[in-house]
Amino acid sequence: MQEFIYYNPKELDFPLSEEILVTTNIEDTKEKNFLISNTKEVQSELNASEIEFYINNSKDSVSAKIENVLKLYEIAASKYDFAQDISYSEEVSKQLLLITNSQEEYEAFTACIMPDDFELFSVNEDIVKEISGHIGNLTVIVDDEGKDVTLNVSQIVWFDAKQIGLNQSGTFDPNLSSVEEVVQTLKENINEYSYKKFTTYDQSICQYHERREEICSKCEEVCPTVAITKDDETKTLGFSQIDCHGCGGCVSVCPSGAIDYAPSNKESLFEMSKFYEETHPLVVPEKMNIGDLNLSLKENVLPFAVEGEKFLHEASFLTLLQISGSQVIFYSDFISKGSGDAIRIVNDIYQAKYGKDAILVAMNEEELQNALEEVSFIEGSEFNFNQDTLKKREIFSHRLQKIVGDEDLGEVKTGEHVHYGLVKVNEDKCTLCLVCVGACNVDALQADASDNTLRLNPSLCTSCGYCEVSCPEADCLTIERDVIKLEPTWFKESVLAQDELFACVECGVEFATVKSVTKIADMMAPLFSHDPVKERSLYCCADCKPKIMMQNYYDQKNKGND
Ligand code: SF4
Ligand code: SF4
């Protein structure tokens, strides 16, 4: 099967690889299945508009162009293979609610539709009390002269919509585009609304899931819709894929990597990055419409197309940076909270090591042209290893360690939305109860049974603070937040506390740490001082404690019988 198709009615002035079917006749593409095409005009599993953009703008030599066009097809195929963005659909009826206070807006909308396009209801904005549900199944509660009335509709048009309407999928505001565009979208949605799964979730490393205290819900905080909700009673997250826009904002702020981006997950991003060795990656989100750009892409600049613009985080940026060995250009008209912090952190690290920024952000065409002129390789920055089985923090730690090496490059501050930190323990207060180890689900804290130590790998710590709230000792465990120390010790396990094991005074079996036994004994000794057996039980293991107490009981009883 021919998987790659290049269609353009205008002929290309250079040949393409034999693996790509090249045609100037759209009829050649009819009733055939293709995996990747360069244009939406051809039916295929994935359209890769960056191919046309590269062909039109690149200054690469002809031989490099032939190679790079094939590479762009292969990158898109790799993206398709690794994507976990399963498609779903929802039935959508013709029931449509128009919310407006203005006769003019009402008329502007009704002028653009035919009578049988929709079953149209209209209400005044002032009486809308509540909106819930999602496209195809929306519930609107309105106040009808003091009585709540429920309306069930499939879609809503709301001029200058309020947040209660925009949270759910299915509400469209003509003031954000135009009445014509909204009508077109509404019509396309009728019968079957297709949507994709944009996020995957691993609750085992989520720092909100079933925790006693709320120490993280960053994904829910940044989600612009109701796609992520939290239940504070059960401490569980809810995911509504139909309400998800696919922006990816939750992915970049998730400290542990519990949320990943289904269209380009961690593994997919790594596989795609491998194609960018010795190139300058130009990251372009789908919404940026690069088709109209007329630029000079200097040699070795290769577009890296991404769906959402917000899912890229410090580990994904560093992967692309180190595999390419180059600065990366990020062309987006919006920088999200998580990606913004990640860019600043990675840039600060690269400034400390290489004296230049890692990521050149371009927010408009002029800035993009400047960035394209500036972008360069960074000598010594290349690094590749198999990161497939590692989690987000582990990947970043491993890659950062390569940058730091044996040097002391100072420290960088982490951000408001991306946190790193350093756990500190007051060894005198720590009884080595290891509650903190149980609390840490990213393996930053570890217990080592061979030498009875509590250890920390700072580079893995998300500074979530669950160990801090779980520690039963006062003034024992604290966290220095929002810092990454660019020095070798940051990546090595260090000993936070150590103790000896205490041997049971009856059987000699080691059963707890010296500090924990001493602490309990110090607390209880005044109460037990009148009774030497009870006092001794404080130094006994769980098996011997009842034994000596029972023995004492029978001894006393037998004494009484004598
Ligand atoms: S941001 Fe990540 S760790 Fe935090 S609650 Fe969401 S999924 Fe869990
Ligand atoms: S060491 Fe403490 S603060 Fe750091 S990730 Fe683990 S539980 Fe959270």
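## Holes, hollows and two ligands

Let's start on the inside: counting holes of 30 Å³ or more gives seven cavities in this structure. Keep in mind that this is a predicted model. The largest cavity has a volume of about 140 Å³. It is lined by 19 residues, and those closest to its centre are Cys223, Ala227, Cys244, Cys247 and Cys250. Sorted by class, that lining holds 10 nonpolar residues, eight polar ones and one charged residue.

Now step back and look at the whole chain. The protein chain has 17 helices and 30 strands. How spread out is the chain next to a compact globule? Its radius of gyration is 31 Å, while the globule rule gives 24 Å for 562 residues; the value is well over the rule, so the chain is more spread out than a compact globule. Along its principal axes, the C-alpha trace spans about 110 × 70 × 40 Å. Of the 562 residues, 51% count as buried.

The domain assignment splits the chain into domain 1 (1-82), domain 2 (90-191), domain 3 (196-251), domain 4 (252-407), domain 5 (419-498) and domain 6 (502-560). Domain 1 and domain 2 have C-alpha centres that lie 40 Å apart.

Next come the pockets. Here are the two largest ones side by side:

| Pocket | Volume | Lining residues by class |
|---|---|---|
| Largest pocket | about 1000 Å³ | 18 nonpolar, eight polar, 10 charged |
| Second largest pocket | about 850 Å³ | 10 nonpolar, 11 polar, six charged |

Take the largest pocket, with its volume of about 1000 Å³. Its lining is made of 36 residues, and the closest to the centre are Lys40, Asn47, Ala48, Ser49 and Glu286. Several elements give two or more residues to this lining: strand 4 (44-47), helix 1 (50-57), helix 2 (62-82), strand 18 (280-285) and strand 19 (301-306). Which element gives the most? That would be helix 2, with five residues. Two domains each supply at least three residues to the lining, namely domain 1 (1-82) and domain 4 (252-407).

The second largest pocket, at about 850 Å³, is lined by 27 residues, with Tyr193, Phe198, Cys244, His245 and Gly246 closest to its centre. If Cys244 rings a bell, that residue is also among the ones closest to the centre of the largest cavity. Strand 12 (171-172), helix 5 (179-189) and strand 13 (191-196) each give two or more residues to this pocket's lining. Strand 13 has the largest share, with four residues.

Finally, have a look at the ligands. Around ligand 1 there are 13 residues, and Cys206, Gln207, Cys216, Cys219 and Cys254 come nearest. The shell has 10 nonpolar residues, three polar ones and no charged ones. Which domains does this shell draw on, with at least three residues from each? They are domain 3 (196-251) and domain 4 (252-407).

Ligand 2 has its own set of residues around it: Val423, Cys440, Val442, Ala444, Leu445, Cys461, Thr462, Ser463, Cys464, Gly465, Cys467 and Ile479. That shell divides into nine nonpolar residues and three polar ones, with no charged residues.

Notes: Residues are numbered from 1 along each chain as its sequence is written. Chains are lettered from A and ligands numbered from 1 in the order in which they are written. This is a predicted model: local features need pLDDT of at least 70, side-chain atom pairs count only at pLDDT 80 or more; totals for chains, interfaces and linings use all residues. Side-chain values use heavy atoms; hydrogens and water are left out. On a 1 Å grid over the protein atoms alone, a cavity is a set of points where a 1.4 Å probe fits but cannot get out, and a pocket is an open set with protein on both sides within 12 Å along at least five of seven lines; lining residues have an atom within 4 Å of a point. Grid points are joined across faces, edges and corners, and a volume is the space filled by probe spheres set on the points. Ala, Val, Leu, Ile, Met, Phe, Trp, Tyr, Cys and Pro count as nonpolar, Asp, Glu, Lys and Arg as charged, and the others, Gly among them, as polar. A residue is near a molecule or strand if one of its heavy atoms lies within 4 Å of it. Domain bounds come from an automatic or database domain assignment. The radius of gyration is taken over C-alpha atoms; the globule rule is 2.2 Å times the number of residues to the power 0.38. Buried means under 20% relative accessible area, exposed over 50%, partly exposed in between (1.4 Å probe, protein chains only).
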